[in-house]
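Subject: the structure for you to look at

Hi,

Here is the structure I promised to pass on. Have a look at it first, then read on for what turned up.

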Amino acid sequence: MSTEQTALVRKSRGRPKQFDRGTALSKALNLFWRHGYEATSLADLVEATGAKAPTLYAEFGNKEGLFRAAVEHYLTNFYEKSSCLLSKTDLSVEETIGQYLRAIAELFTDCDTPSGCFMISASSGMSSSSADIAEMLRARHLSQERSLFEFFEKRKQSGELTSVIDSALLAKYLACTIQGFSVQARDGATAAELNQLIDVVMKIWPQLSRATVVSTAAH
């Protein structure tokens, strides 16, 4: 090694490790996913990310800011992989829903991430002091139901579903089913077990997809 190279090595040894936002968000997301928002302290986040508290404050403002960034990180890197299936037009409604549910089951049971849905897990046990965070999570979580509703409405416009189908009811049914998948995954259900449940959903899909708007004229 030359004298110049030796000098460069010595000089670099004392430099602080460069902060990587993406890596920090992934580690923070994992922590929030496992323990929820309130049970995760700033000290936990400092230890998990390997960043100093002043660095996290400078980048995200506070714990809430870091959590909100972690939510966006989840939506971009995990949730959108399944939600983008709803925009495909080369599959039937039944095929699309089947693939969508199986993609979610795969996410909920991925060995590289905590089990279940991050949104549901992170919102558990929140107190009134975290009302803003709870409302943000609720709005984000409801976006899944809204995406399903919009999917069914588009398929009604294209003639693949009849106009009397209750898109809102069908979307809510699937959203509730997905929430059940999350609970099952958190309790240790495997991908194979969730896929068995999806097989049942798809078996009754012809009946589900005929759920029509109930008239309220008699009430």
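Before anything else, one term: two residues are in contact when they have heavy atoms within 4.5 Å. With that in hand, take the contacts in the protein between residues at least 6 apart in sequence: 70% of them join residues at least 24 apart.

Keep in mind that this is a predicted model. The mean pLDDT of the protein is 86, and 89% of the residues reach 70 or more. Where is confidence lowest, and where is it highest? The lowest mean, 42, belongs to helix α1 (residues 3–13), and the highest, 97, to helix α10 (residues 191–203). Two stretches have a pLDDT below 50. One is residues 4–16, with 2 contacts in the model beyond near neighbours in sequence. The other is residues 215–219, with 0 such contacts.

Now the general layout. The protein has 11 helices and 0 strands. Of its 219 residues, 38% are buried. The accessible surface comes to about 12700 Å², and carbon and sulfur atoms account for 52% of that.

Next, the aromatic rings. A search of the whole structure gives 12 aromatic pairs. Why is the pair F32 and Y37 called stacked? Planes under 30 degrees apart count as stacked, and these two rings have planes at 25° with centres 6.1 Å apart, so they qualify. Both F32 and Y37 are buried.

W33 and F78 make another pair, this one edge-to-face, with 5.7 Å from centre to centre and 80° between the planes. W33 is in helix α2 (residues 21–35) and F78 is in helix α5 (residues 63–83), so this pair ties together parts that are 45 residues apart in sequence. Are the two partners buried or partly exposed? The cut-off for buried is under 20% relative accessible area. W33 has 1% relative accessibility, so W33 counts as buried. F78 has 22%, so F78 counts as partly exposed.

These four residues belong to one aromatic cluster, made up of F32, W33, Y37, F67, Y74, F78 and F118. Y37 has a charged partner too: the charged end of K63 sits over the Y37 ring, 4.4 Å from the ring centre.

K63 also turns up around T40. T40 is in the loop between α2 and α3 (42–49), and T40 is buried, with a relative accessible area of 1%. Leaving aside neighbours within four places in sequence, T40 is in contact with L31, F32, H35, L45 and K63.

On to the largest nonpolar core, which has 54 residues. Which of them touch the most other members? They are F67, Y74, I97, L101, F118 and F152. If you click on L101, look for its contacts with L174, I178, F181, I198, V201 and M202, again leaving aside neighbours within four places in sequence.

I178 comes up again with Q144, which lies in helix α8 (residues 131–157). Q144 is buried, with a relative accessible area of 8%. Not counting residues up to four places away in sequence, Q144 touches Y79, Y100, I104 and I178. Q144 and I178 are 34 residues apart in sequence, and their C-alpha atoms are 9.9 Å apart in space.

Cheers

Technical notes. Residues numbered from 1 in each chain as written. Predicted model: local features only at pLDDT ≥ 70, side-chain atom pairs only at ≥ 80, totals over all residues. Heavy atoms only, no water. Phe/Tyr/Trp six-rings, centres within 6.5 Å; stacked < 30°, edge-to-face > 60°. Buried < 20%, exposed > 50% of the residue type's maximum accessible area, 1.4 Å probe, protein only. Helix = DSSP H or I, 4+ residues; strand = E, 2+ residues; numbered from the N terminus. Lys NZ or Arg CZ within 6 Å of the ring centre and 35° of its normal. pLDDT = per-residue confidence, 0-100. Core = buried A, V, L, I, M, F, W, Y, C linked by side-chain atoms within 4.5 Å. Areas by Shrake-Rupley, 256 points an atom, 1.4 Å probe, with all protein chains shown as cover.
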